[in-house]
Protein chains: 2
Amino acid sequence: MYKLLKTDKNCKARRGVVSTAHGDIQSPFFMPVGTNSSVKSLTFEDVNEIGAQIVLCNAYHLFLRPGLEVFEAAKGLHNFMSWQKPTLTDSGGYQVFSLAKLRKLQDDGVEFQSHIDGAYHFFTPEKVIDIEQSIGADMIMPLDVCAPYPCSRHEAEESVRLTTSWAKRARKYFLENRRSDRSQNLFAIIQGATYKDLRERSAQELLDIGFDAYAIGGVSVGEPVKDMFEALDWTMPFLPKDKQRYFMGIGLPDQIVKAVGEGIDMFDTCLPTRFGRHGTAFTAYGRIIVRNEEFKFDFTPIDPECDCLVCRRYSKSYIRHLLKLKEITGLKLVTYHNLYFYVNLMRKIRKAIEDDQYVAFANDFLEKYGSELRV
Amino acid sequence: MYKLLKTDKNCKARRGVVSTAHGDIQSPFFMPVGTNSSVKSLTFEDVNEIGAQIVLCNAYHLFLRPGLEVFEAAKGLHNFMSWQKPTLTDSGGYQVFSLAKLRKLQDDGVEFQSHIDGAYHFFTPEKVIDIEQSIGADMIMPLDVCAPYPCSRHEAEESVRLTTSWAKRARKYFLENRRSDRSQNLFAIIQGATYKDLRERSAQELLDIGFDAYAIGGVSVGEPVKDMFEALDWTMPFLPKDKQRYFMGIGLPDQIVKAVGEGIDMFDTCLPTRFGRHGTAFTAYGRIIVRNEEFKFDFTPIDPECDCLVCRRYSKSYIRHLLKLKEITGLKLVTYHNLYFYVNLMRKIRKAIEDDQYVAFANDFLEKYGSELRV
């Protein structure tokens, strides 16, 4: 599934390629978030034009609506949403933790109330595999227990214990119930919150079971950036070189640049699309709030260094006007640019690694962007 | 400005071409409504891809936001919104009538309160020309008085009297204050409500003044379809063959097909975009409500006879799912299809007139669409 092409001579950043039934993905890469099977405010023509290689959807959301019977009838997610490139579904572990009304953890699984209609559901590791097989993404995440921040040692230990136990069951069920009409790979999600030994225990236990790839979970849950990168540092030594590494829910552009320098291959976050809908744009010099008065007469593009379709055509003055009037087109334009900013950043990152120039590239980017992080 | 290319041998439908400083427009044509300088939920890439030849904006809205100083700084509407094809601005006469809070008609002009912040404004025919020159669309409408439906004979008479008086002043001011940095044509708007003699009086008075082109206004204000076409029938004999004819705010697809058969060249309505945002789609067989349960497992396109980008790629099942979840992408997809339906209908209409097949084409369309209208 993962092939390491090369590692930068001066740091741990790696260039690789991930093979799926829907094509190869050049890594490191960013996954636009399409929770409900659409990247908010964009069409798949847009997503493709931007150059995204993969889209991430959410099993929890898609299970609730439109429901699995629609995915079975459509012959899977790709056909349903008309996107024939790779996909990944998150398991719902994080959503049950963050969205559902009532969460009752049991050894067997988790009971929760739908955030939509309050209906009761019970997810087990096996049921989530069933759901994700029915949906049919190329890469799937198992049901895990995402500990909050801050969280007690006891809570973190429980999260690791259940995550390992459920991962084992998920793996077994996944292998014993493969569907001939689906070609999928199963990740493991490493937990352990902000506790070094628990992060190590979680990583070791999951490595011992053996998965197609590994994700670092329980990050980007409100913890300081320092803690986020500590979790990364503690975990990385355990991760095998021949499997891709996914830093879940990360993050801001400078955090991605930093994490690539540590050897991460996969990223996702709703920030480019969410910020886009609120009129905040990413630029090479940091974020700007496009709706601000200062841009009323500014006929230059959002980011003078960007060559996306929006920056080639539209001015800050025009986009600001649309945002002020809550015109849908305004938030679409910022979202498009933001997603391009992320996807294009990954393109530059891959090029820099190929040239063994990642450290210089990353630190130039970080300084210009106004970040305190360095590689 | 207008060149009549040919009239269908069997009816009054005409093929022509309208020349503007931003290119030619093949007529009959439809103008997508971009009130605030964007066609709601679409980008100009979309509008262009759909094949629209012109966009209609609203002087009343653009005067209020972003304000004329922005259009002066941007060097006009086309540059501001990055659309270099033809444009038309409506004067605000209709908006003052339909949107503004308080409307005080005087012989000199109209006082009203902005629907946004309640601020008082006073529009005169001259001021509206100033506004539209500042905005800089290729075709501009003068300030008129749009009578409501139903309306008394007295009210209709007043509307005709003021509309003529203001049109005369607008024309004079427009000719005496031409700007070297704008190339524009001024229409007249014929009023008269549902009164035959008033329609005739209005048309004759405006013809006597002489304008670049003529619009039939005061229609699509809630009157029965029969009254709409009566207003058209009464007015048409007055309209010169060598000027284009604009049926303002019309209408539903079958109404457009019928009006083309009477010799109309220009149309606008917010229906394709507004219906799109509410999940209602136009098809060759009439309208469908895409969010309906019946389409949950329907993996066919919105309109099986449509070759638009949306119908080539997405299913009713998928779009319904997005609409149910209020995903922006859902309403964008229906809007895109709907606008394509209108623009493509005009393409077919032009072809049918060229082939002298308009009557057969129109009646086939109307029957299939489920309309009671016939040409």
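These legends walk through close-up views of a predicted model with chains A and B. Local features need pLDDT of at least 70 and side-chain atom pairs count only at pLDDT 80 or more, while totals for chains, interfaces and linings use all residues. Residues are numbered from 1 along each chain as its sequence is written, and chains are lettered from A and ligands numbered from 1 in the order in which they are written.

**View 1. How chain B maps onto chain A.** Turning chain B by 180 degrees, with 0.0 Å of shift along the axis, superposes it on chain A at an RMSD of 0.0 Å. That is the relation of a two-fold axis. The fit is by least squares on the C-alpha atoms of residues with pLDDT of at least 70 in both copies. Look for Ile328(B): of the residues of chain B, its C-alpha comes closest to the rotation axis, at 3.9 Å.

**View 2. Where the two chains meet.** Chain B and chain A each bring 33 residues to the contact, where two residues count as touching if their C-beta atoms, placed from the backbone, lie within 7 Å. On the chain B side, the elements giving two or more residues include H3 (68-74), H4 (77-81) and H14 (328-354). The most comes from H13(B), with five residues. Helices (H or I, at least four residues) and strands (E, at least two) are DSSP runs, numbered from the N terminus. By type, this side holds 16 nonpolar, nine polar and eight charged residues; Ala, Val, Leu, Ile, Met, Phe, Trp, Tyr, Cys and Pro count as nonpolar, Asp, Glu, Lys and Arg as charged, and the others, Gly among them, as polar. Because 100% of the interface residues of chain B are also interface residues in chain A, the copies meet through the same surface.

**View 3. Strand E11 of chain A and its partners.** All six residues of E11(A) (185-190) are buried, so the strand is largely enclosed by the rest of the structure. Buried here means 20 or more other C-beta atoms within 10 Å of a residue's own, with C-beta atoms placed from the backbone; 12 or fewer is exposed, and in between is partly exposed. Asn185(A), Phe187(A) and Ile189(A) point one way, and Leu186(A), Ala188(A) and Ile190(A) the other. E11(A) pairs in the parallel sense with E12(A) (213-216) over four bridges; pairing requires at least two DSSP bridges. Here Ala188(A) stands opposite Tyr214(A).

**View 4. Helix H6 of chain A.** Eight of the eleven residues of H6(A) (125-135) are buried, among them Pro125(A), Val128(A) and Glu132(A). Gly136(A) follows the helix, with a positive phi near 90 degrees.
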